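Please look through the sequence and the model shown below before reading on. The paragraphs that follow lead from one loop residue to the two ligands and then to other parts of the chain.

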Amino acid sequence: MTNITLNNPLFDSLFGHHDNKNTSFIHVYGERTITHKEFLFLVGRMANAISSLGVLTGDRLVLQAEKSPYCLAVYAACLQSGIIFLPLNNAYTASEVSYFVADSGAKVLICDPAYEGALTDLKDEFGILLKTLSLDGQGSFGELAATMPNQFLTVSRHIKDLAAILYTSGTTGRSKGAMLTQENLLSNAETLKDYWKFDDQDVLLHALPIFHTHGLFVASNVILLSGGSMIFLNKFDLDEVVESLPRATTMMGVPTFYVRLLEDKRLTSELTKHMRLFISGSAPLLSETHTRFLKLTGHHILERYGMTETNMNTSNPYCGERRPGTVGFPLPGVEIKITDSDTGKTLTKNKVGQIEVRGPNVFKGYWGMEEKTKEELKADGFFITGDLGLIDSDGYIEIVGRDKDLIISGGYNIYPKEIELLLDLQAGVLESAVVGIPHPDFGETGVGFLVCKEGFDLETTTVLEVLSDNLAAFKRPRKLIVLDALPRNTMGKVQKNQLREQYKNLYLKL
Ligand code: MLC
Ligand code: AMP
């Protein structure tokens, strides 16, 4: 149960029990192991460094840097010093970062030294303090922290105070900052630790990025709470994952991790015999992937379902049948209902409708967007996820589609609207539509369809180059296809389903 009498409930619960322990915490791949005590000292130095910058409790700090234990320490230092942590995908371009800085009103931006040049204009534009942090903990922020004491007096926070803001793209093309409280993160971490039976003997193979819910809150918070350790890889590298598996007990990944492992001959039951649990989420895991993985390794991948706004909502059972193609049952303390999108009425079993969620895991709202918050987070506390699903006769939840125009590529969300708005601005483009097409590695990938203005001859490679300046690489359409016209219905609405159907085999091996 969440202990609300603590001084800073989230920080104290995650880190309090590591004080002075020389036990292993992070095994940096190919390098040394950092103990809990060493990590806490690093966090203390960083918290002192943050405070010395003149930021106040509740201010926002943006981090955009290559994954390293130092990034995780910045997160912890923000918690300890009462600063709201705002991590960003390091693929974001300077123009994307500029939006997040402006929208959040952040006071400090810590970036990788390699991005400093591109981000330096933000200092004048928004008066933000720009500091750097490299993979090995150097850079102006790392150097400042190195001069600081190891101990920091933890700032008091209330369980309902904000701990982090994570931006998620929006169907209107404008990203929204999901405000996550200490309670949201702590209650979910406690639930998951118990549900998935994590303890201090666990070694989690951590190959996910740590700027999203999955790698940051699910993976790292669960390990912090349980007292276990992590093998920290910079990213998903197949050789490093295969090499590390025999030393791990658990792994969390997006479906692409499992698809890539299955392509590799080294994946066997022998390789995975030390593992007790493989977890998948952030995108649909094909039943076929589940079944092939089982056949080769003897492990039933446990699939769960979550969102930036809600943390984790449902999970297949730890003990009991892990049913392929489903995301299991609501987690303890989480309520799920399936409703009719027109009437809002709750639907009966096996009927498809919108998935709504309520519980201590559900966020507080979108930063600075009261109206948008009211549309999605209802007065009765239920959040409309935008996912479509059903609850089957045995209570398993199945996600059957999305009510939102969203592409999930390798676990990253891509909102077509954001790309279409940019495409429509390009010279010669009359209109555009971006659609998710099945992809064997990424699950889905974005393909853009363009219609030329009369008299123009569109060079798609040039259009793609222009997109590169403004859009993170993972969001760029894999391909642009010029059409005479976009398919429309009688109301004039673009029929994306028709494009999806027509091009569904573009990337699949037939
Ligand atoms: C990288 N690229 C992608 C991509 N990842 N393109 C489309 N979709 C992706 N997911 C592009 C890069 O920009 C680059 O383009 C090229 O692919 C190779 O880059 P890379 O870094 O070598 O890619 P790779 O290592 O292959 O990364 C793929 C991946 C990674 C699947 C391992 O994307 C990943 O770790 N995904 C996890 C995402 C995640 O954590 N999601 C959780 C969200 S939270 P170019 O043009 O430069 O060559 C959430 C809630 C919940 O959803 O329920 O968990
Ligand atoms: P994000 O906004 O990045 O947090 O992505 C959340 C979205 O990912 C959800 O709304 C779902 O559409 C999707 N998602 C997460 N887990 C699963 C899963 N196990 N199966 C299908 N979709 C999922």
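**From a loop residue to two ligands**

Ser282 lies in the loop between E12 and H12. The model is a predicted one, and in it Ser282 has a positive phi of about 85°, although it is not a glycine. Is Ser282 buried, exposed or partly exposed? With a relative accessibility of 26%, Ser282 counts as partly exposed, because that class covers what is neither under 20%, which would be buried, nor over 50%, which would be exposed. Ser282 is also among the closest residues to ligand 1, and a polar backbone atom of Ser282 is 3.1 Å from a nitrogen atom of ligand 2, so that the description can turn from this residue to each ligand.

Around ligand 1 there are 22 residues, of which the closest are Arg260, Ser282, Arg304, Ser409 and Gly411. An oxygen atom of ligand 1 is 2.9 Å from a polar side-chain atom of Lys235, and a polar backbone atom of Gly306 is found 3.2 Å from an oxygen atom of this ligand. A nitrogen atom of ligand 1, in turn, is 3.0 Å from a polar backbone atom of Gly410. Of the 1000 Å² of accessible area that ligand 1 has on its own, the protein covers 72%. H11 and E13 are the elements that give two or more residues to the shell around ligand 1, and by class this shell has 11 nonpolar, eight polar and three charged residues.

Ligand 2 is surrounded by 16 residues, and the closest of them are Arg304, Thr308, Asp387, Lys404 and Asn413. Besides the backbone contact with Ser282, a nitrogen atom of ligand 2 lies 2.7 Å from a backbone N or O atom of Arg304, while an N or O atom in the side chain of Asn413 is 2.8 Å from an oxygen atom of ligand 2. The protein covers 92% of the 500 Å² of accessible area that ligand 2 has on its own. Two or more residues of the shell around ligand 2 come from each of strand E13 (302-307) and strand E20 (397-402). Which element gives the most to the shell around ligand 2? That element is E13, with five residues. By class, the shell around ligand 2 has seven nonpolar, four polar and five charged residues.

The loop that holds Ser282 leads to H12, a helix of residues 287-297 in which Thr289, His290, Phe293 and Thr297 are buried. These four residues lie on the same side of H12, because they cover an arc of only 100° around the axis. The buried residues of H12 pack against helix H11 (255-262) and strand E12 (277-280), and H11 is also one of the elements that give residues to the shell around ligand 1. After H12 comes Gly298, whose phi is positive, near 85°.

Further along the chain, Asn316 is found in the loop between strand E14 (311-315) and strand E15 (329-330). Asn316 has a relative accessible area of 1% and is therefore buried. Its side chain reaches the backbone oxygen of Thr326 at 3.0 Å. Apart from residues up to four places away in sequence, Asn316 touches Tyr195, Leu302, Glu303, Glu321, Arg322, Arg323, Thr326, Val327, Gly328 and Tyr396.

Two other loop residues are set in other surroundings. Lys197, in the loop between helix H8 (182-195) and strand E9 (203-206), has a positive phi of about 55° although it is not a glycine, and its relative accessible area of 45% makes Lys197 partly exposed. Ala427 is found in the loop between helix H14 (416-425) and strand E23 (429-439), and at 63% relative accessibility Ala427 counts as exposed. When neighbours within four places in sequence are left aside, Ala427 is in contact with Phe456 and Leu458. The C-alpha atom of Ala427 is separated by 29 Å from that of Asn89, and these two residues are 338 residues apart along the chain.

Notes
Residues numbered from 1 in each chain as written. Chains lettered and ligands numbered in written order. Predicted model: local features only at pLDDT ≥ 70, side-chain atom pairs only at ≥ 80, totals over all residues. Heavy atoms only, no water. Near = heavy atom within 4 Å. Polar contact = N/O pair within 3.5 Å; in protein donor to acceptor, adjacent residues only side chain to side chain. Areas by Shrake-Rupley, 256 points an atom, 1.4 Å probe, with all protein chains shown as cover. Nonpolar A, V, L, I, M, F, W, Y, C, P; charged D, E, K, R; others polar. Buried < 20%, exposed > 50% of the residue type's maximum accessible area, 1.4 Å probe, protein only. Arc of directions from axis to C-beta. Contact = heavy atoms within 4.5 Å.
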